[in-house]
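Colleague: I would like to learn how to read the surroundings of a ligand in a model. Could you take me through one example, step by step?

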Amino acid sequence: MSIEIVTGDITRLQVDAIVNAANATLLGGGGVDGAIHRAAGPALLAACRELPEVRPGVRCPAGDARITPGYRLHARYVIHTVGPVWRGGSHGEPDLLASCHHRSMRLAIAHGLQSIAFPAISCGVYGYPPELAAPLALRSLREAQDTDAPLQISVCCFSEAMARIWRSALSAQD
Ligand code: AR6
């Protein structure tokens, strides 16, 4: 199963798609979302604006995903997903985080992509404890993997400390 943990800035990766940990408006924000919009350029925001709202102010509900071109990024596509805000763990957070990974993978497979990179969705300002997020995210990625044409999956951690948590979750599942 090809999942690797890398450390660095996801906007620099040469993969078919990078996943954005966005918010429901899809109109940008801080963290990895801000970095992706800065690197992709203003056409990304324009493309997000074009996506239909499912309710006022919501283009992508938590647990769901949308795809746009990558514009100035190396990546051809950005898959925008919205993670859960951590509220103690008993408000559906695990199911929503799993769904982010499943739906992002499904979009990548539907577009015939061969490689994809995920950030540590919800593990920043949304407050999901990374020790809980990492094993759940990795299990979801394995479940969603295309067995006939497996995608090359990277999880891109911004710090070495975060990467250690993900590597140890990965090796516990091997
Ligand atoms: N490359 C890879 N990882 C990054 C990068 C980068 N360039 N920059 C930050 N990270 P966060 P969330 C890491 O807060 O918790 C936004 O404002 C970061 O260190 O970006 O899902 C959205 O608009 C952390 O480990 O996403 C939403 O409002 C991880 O990416 C909200 O934040 C996720 O942190 C989403 O919160």
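Colleague: Where does the ligand sit?

Modeller: Let us begin with the place itself, keeping in mind that this is a predicted model. The ligand sits in the largest pocket, and that pocket has a volume of about 580 Å³. Of the 26 residues that line the largest pocket, those closest to its centre are Ala21, Gly31, Val32, Asp33 and Gly124.

Colleague: Which elements give two or more residues to the lining of the largest pocket?

Modeller: They are strand 2, helix 1 and strand 6, the last of which spans 152–157. Helix 1 provides the largest share of this lining, namely 4 residues. If we sort the lining by class, we find 15 nonpolar, 9 polar and 2 charged residues.

Colleague: Now to the ligand and its shell: how many residues surround the ligand, and which are the closest?

Modeller: A residue is counted here if one of its heavy atoms lies within 4 Å of the ligand. By that cut-off the ligand is surrounded by 22 residues, and the closest are Asn23, Gly30, Asp33, Ser122 and Gly124. This shell divides into 12 nonpolar, 8 polar and 2 charged residues, and helix 1 gives the most to it, with 4 residues.

Colleague: Which atoms of asparagine 23, glycine 30 and valine 32 lie 2.8 Å from an oxygen atom of the ligand?

Modeller: For such pairs, the general idea is to look for N or O atoms within 3.5 Å of each other. In asparagine 23 the atom is an N or O of the side chain, 2.8 Å from an oxygen atom of the ligand. In glycine 30, by contrast, a backbone N or O atom lies 2.8 Å from an oxygen atom of the ligand, and in valine 32 a backbone N or O atom is likewise found 2.8 Å from a ligand oxygen atom.

Colleague: How much of the ligand's accessible area does the protein cover?

Modeller: On its own the ligand has 710 Å² of accessible area, and the protein covers 88% of that.

Key: Residues numbered from 1 in each chain as written. Predicted model: local features only at pLDDT ≥ 70, side-chain atom pairs only at ≥ 80, totals over all residues. Heavy atoms only, no water. Polar contact = N/O pair within 3.5 Å; in protein donor to acceptor, adjacent residues only side chain to side chain. Areas by Shrake-Rupley, 256 points an atom, 1.4 Å probe, with all protein chains shown as cover. 1 Å grid on protein atoms, 1.4 Å probe; cavity = no way out; pocket = protein on both sides within 12 Å on 5 of 7 lines; lining within 4 Å. Sits in = over half its atoms within 2 Å of the grid points. Nonpolar A, V, L, I, M, F, W, Y, C, P; charged D, E, K, R; others polar. Points joined across faces, edges and corners; volume = space filled by probe spheres on them.
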